[in-house]
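Colleague: I would like a close look at a single part of this model, the strand pairing, with its surroundings added afterwards. Please give the cut-offs behind each term as you go.

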Amino acid sequence: MQHDDPRQVIESGQAVLGIELGSTRIKAVLIDRQHQPIASGSYAWENRYEHGVWTYHLSDVWSGLQASYRALSDEVRRRYNVPIRTLGAIGISAMMHGYLAFDAAGELLVPFRTWRNTITAQAAQALSDLFQFNIPQRWSIAHLYQAMRNGEAHVRQIDFLTTLAGYVHWQLTGERVLGIGDASGMFPIDSATNQYDQRMLALFNAELQAAQLPWRLEQILPAALPAGQPAGVLSEAGARLLDPSGQLQPGIPLCPPEGDAGTGMVATNSVAPRTGNVSAGTSVFAMIVLERPLAQVYPEIDIVTTPSGVPVAMVHSNNCTSDLNAWVGLFGEFARLINAPIDEAQLFERLYTQALAGDADAGGLLAYNYHSGEHITHMEQGRPLFVRTPDSRLTLANFMRAHLFAALGALRIGCEILFEREHVRVERVYGHGGFFKTQQVGQRIMAAALRVPIAVLETAGEGGAWGSALLAAYLLHKDAHESLEHYLANRVFAAYQATTLAPDPRDVQGFAAFMQRYKRGLVIERTAIDALPTAS
């Protein structure tokens, strides 16, 4: 592969920037004209649980964005001895869904309600019945309708409703737009028109009229744009927001802001039918690009789109590695207690690898990783649990294996519908996210859970920020009428290699046995929610 001179690319303003606001990290990646990362920066942050709502403060959004961009700029100066003054293009991505409602003055009306909340069950069910289309609790429209049903006074004042990526893009450019993939997690999209579904808009507007609200839904939603469409330029105020040092200049074009699901598809070249990817970190979701519509509506499956508007079946579980990380942290605390501290990355690697030495079914152990509610199993709150019987085999290997299995338990339930009931075909699924950092372990467990080959690209560690940069590069470099699928396959991924693991029959059988316990034991999780109230 031909490589650019990074210094020349940066000095000439041809480098492309991608930024993604993930659930635990804000990451910025700078790429050259060959789509190769040449610098990066990141900032760690965490959601807050305040007054019964999972949220992030908007002040943290900007301090985190500025810190990640500053870290990237510092790396550029250190490695290449040049400042960043302008760029070829910028792409913004963030966690999908949620509720960010603003008034006409641009003021936030209520604290940001993130995807992690499971407080919209009544609205989600009512809208699913009304539309005859699954509306998950995470979706922005479910949050809006629940606020209406709750009689929240702020609803009358809404002038703009968007996602986190849409909010950041709006502040940087002044444009109220959203990538179509992210928009499809706000309100259903008609893939024939690449716009919000008109039939469902009319049905919701009738609800607004009955409630005597002063606006129509299309007036407050961001415009949905497919990948490759211009989405505004960096304003003077936006440049100062991103880079308070004053070096970054305005006028840089931005691509449509996308959700983390969309950038995950792009970063794994999974945007064509019969391709799929699974992102496993704080949450876990599988995205399978469909060849045909599903035969019926399933509450466990969301229908969203790729960044170019192709329908995708999305199985989303709110919980993946949070409880697993907590247990690893406990082992690290013990290591420090006995004066044997260990590097965190090495600790994860050793514990994850040990899981492969366990019994196929994890020795009869059972765990639930529900740090928050889980819609697939109909749990409105979370209670992390570890359960065993007197005859279970409690070993470190089985303990870790059980928690790795549990991280994918809810995902497995949703994917069973796709692969067994709907007979959706996929040749392989690409994995990315923290679950796959330890070589082969996450792949083996995921292959056992989904019962399909799992591939990991050598670029998997770059994640959604790189995917966002690729979308910005597509805006900048695509030929007229060149599809996103063609651009990724021929210009980006042709030179990359993937490591693929087929399902191991022993692992598949063991995971199936674990899932039998998992499904029977859901009554334990339900009882824990009822019996153990949280402090907040």
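Modeller: I begin with one strand and its partners, then turn to an open sheet, the nonpolar cores and a surface patch.

This is a predicted model, in which local features need pLDDT of at least 70 and side-chain atom pairs count only at pLDDT 80 or more, while totals for chains, interfaces and linings use all residues. Residues are numbered from 1 along each chain as its sequence is written, and side-chain values use heavy atoms, with hydrogens and water left out.

Strand β17 spans residues 311-317 (strands are DSSP E runs of at least two residues, and helices are H or I runs of at least four, numbered from the N terminus), and six of its seven residues are buried. Buried here means under 20% relative accessible area, exposed means over 50%, and partly exposed lies in between, with a 1.4 Å probe and protein chains only. Strand β15 (residues 284-289) runs antiparallel to β17 and is joined to it by six bridges (two strands pair if DSSP finds at least two bridges between them); in this pairing, Val 284 has Ser 317 as its bridge partner in β17. Strand β16 (residues 302-305) is also antiparallel to β17, through four bridges, and Val 304 stands opposite Val 312 of β17. Five residues separate β16 from β17 in a hairpin, where Gly 309 in the turn has a positive phi of about 100°.

An open sheet of five strands follows the order β3-β2-β1-β6-β13 with mixed pairing, and its edge strands, β3 (37-44) and β13 (258-259), each pair on one side only. Within this sheet, β1 (residues 16-21) and β6 (residues 89-94) run parallel and share six bridges, with Leu 17 opposite Ile 90 in β6.

The largest nonpolar core (buried Ala, Val, Leu, Ile, Met, Phe, Trp, Tyr and Cys residues joined through side-chain atoms within 4.5 Å) has 73 residues, and Ile 141 and Trp 466 are among those with the most contacts inside it. Helix α16 (residues 463-477) gives the most to this core, with nine residues. Another core, of 65 residues, lies apart from it and includes Tyr 370 and Val 426.

On the surface, Phe 334, Leu 337 and Ile 338 form a nonpolar patch with about 340 Å² of accessible area together. Phe 334 belongs to helix α11 (residues 322-337), and it counts as partly exposed because its relative accessibility is 49%. Patches are made of residues with over 30% relative accessible area and no salt bridge, like charges being joined within 9 Å and nonpolar side chains (Val, Leu, Ile, Met, Phe, Trp, Tyr) within 5 Å; a salt bridge is a side-chain nitrogen of Lys or Arg within 4 Å of a carboxyl oxygen of Asp or Glu. Accessible areas come from the Shrake-Rupley method with a 1.4 Å probe, and for residues only the protein chains shown count as cover.
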